[in-house]
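Biologist: I'd like to learn how to read a few features in a structure like this one. Could you walk me through it?

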Amino acid sequence: MAHSKSRWKRLGNTALAGVAAAALLAAPVAAQCQTGTPDMAEPVSKAVITLNLTSPEGQVQSVLDALRVPALSVRLKDITVTQGAPEGFRVFVNAKDAGPQTSIDDPAYVASVAFFPQPVVGKSAGSFVVDLTPALDRMAKQDLLAADAPLSLTLVPIGPEDARISVGEPELLK
């Protein structure tokens, strides 16, 4: 828990209750899914999915809430290929402008997920769990997080330009 407290202090909040944070995330989260391209000078040609994550009980409504637990993962349920033949997807936390050009060296990078075997369009490719903790730690150390910002994930398909995916309801795991 000491590691987690240091993340809180970087965000300017030194009066957080660690015991309450330990019971934070057992329930699924509600997600608002937006599919599209971020506003950038060069348009992104692949569909990017942004998920805004909050818990139904209101326990996680911001980055600060997410940093209150020693480890935080997300289960992405029912990833489905909706078009093209993506090889997988990349996951970024609180990087709504992430796209195909965004490097895996970016502090917001969480993970890459590969599909094997190649999924069939319209059928679920499965569910995947990714650990957000290392990316949140990197971003907190570099002062790249706003404490009151909502917690979000951006999923970027890997593969041909016409690659598209969809995701069912994500679930935060502690």
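**Rings, burial and backbone**

Modeller: Sure. Keep in mind that this is a predicted model. Let's begin with burial: Phe 89 has a relative accessible area of 0%, so Phe 89 is buried, as buried means under 20%.

Biologist: How many aromatic pairs does a search of the whole structure find?

Modeller: The search turns up 4 aromatic pairs. To sort a pair, look at the angle between the ring planes: under 30 degrees is stacked, over 60 is edge-to-face, and the rest is tilted. Take Phe 89 and Phe 115: their ring centres are 5.9 Å apart and the planes sit at 50°, so this pair is tilted.

Biologist: Where do Phe 89 and Phe 115 lie in the chain?

Modeller: Phe 89 is in strand S4 (residues 88-93), while Phe 115 is in the loop between strand S5 (109-114) and strand S6 (124-131). They are 26 residues apart, and the pair links distant parts of the chain.

Biologist: Is Phe 115 buried or exposed?

Modeller: Phe 115 counts as buried, because its relative accessibility is 8%. Phe 115 also pairs with Phe 128: here the ring centres are 6.2 Å apart with the planes at 50°, so this pair is tilted. Phe 128 is in strand S6, 13 residues from Phe 115, and this pair too links distant parts of the chain.

Biologist: And why does Phe 128 count as buried?

Modeller: Its relative accessibility is 18%, and the cut-off is under 20%, so Phe 128 counts as buried. Put the rings together and you get one aromatic cluster, formed by Phe 89, Phe 115 and Phe 128.

Biologist: Now the backbone. Which residues does a cis peptide bond join?

Modeller: For that, read the omega angle. The cis bond joins Phe 116 and Pro 117, with omega at about -5°. Pro 117 is in the loop between S5 and S6, and Phe 115 is in that loop as well.

Biologist: What about phi? What is the value for Asp 78?

Modeller: Asp 78 has a positive phi of about 50°, although Asp 78 is not a glycine. You'll find Asp 78 in strand S3 (residues 73-83). With 44% relative accessibility, Asp 78 counts as partly exposed, because that class runs between buried, under 20%, and exposed, over 50%.

Biologist: Where is Asn 94?

Modeller: Asn 94 is in the loop between S4 and S5. Asn 94 has a positive phi of about 45° and is not a glycine either.

Key
Residues numbered from 1 in each chain as written. Predicted model: local features only at pLDDT ≥ 70, side-chain atom pairs only at ≥ 80, totals over all residues. Heavy atoms only, no water. Phe/Tyr/Trp six-rings, centres within 6.5 Å; stacked < 30°, edge-to-face > 60°. Helix = DSSP H or I, 4+ residues; strand = E, 2+ residues; numbered from the N terminus. Buried < 20%, exposed > 50% of the residue type's maximum accessible area, 1.4 Å probe, protein only.
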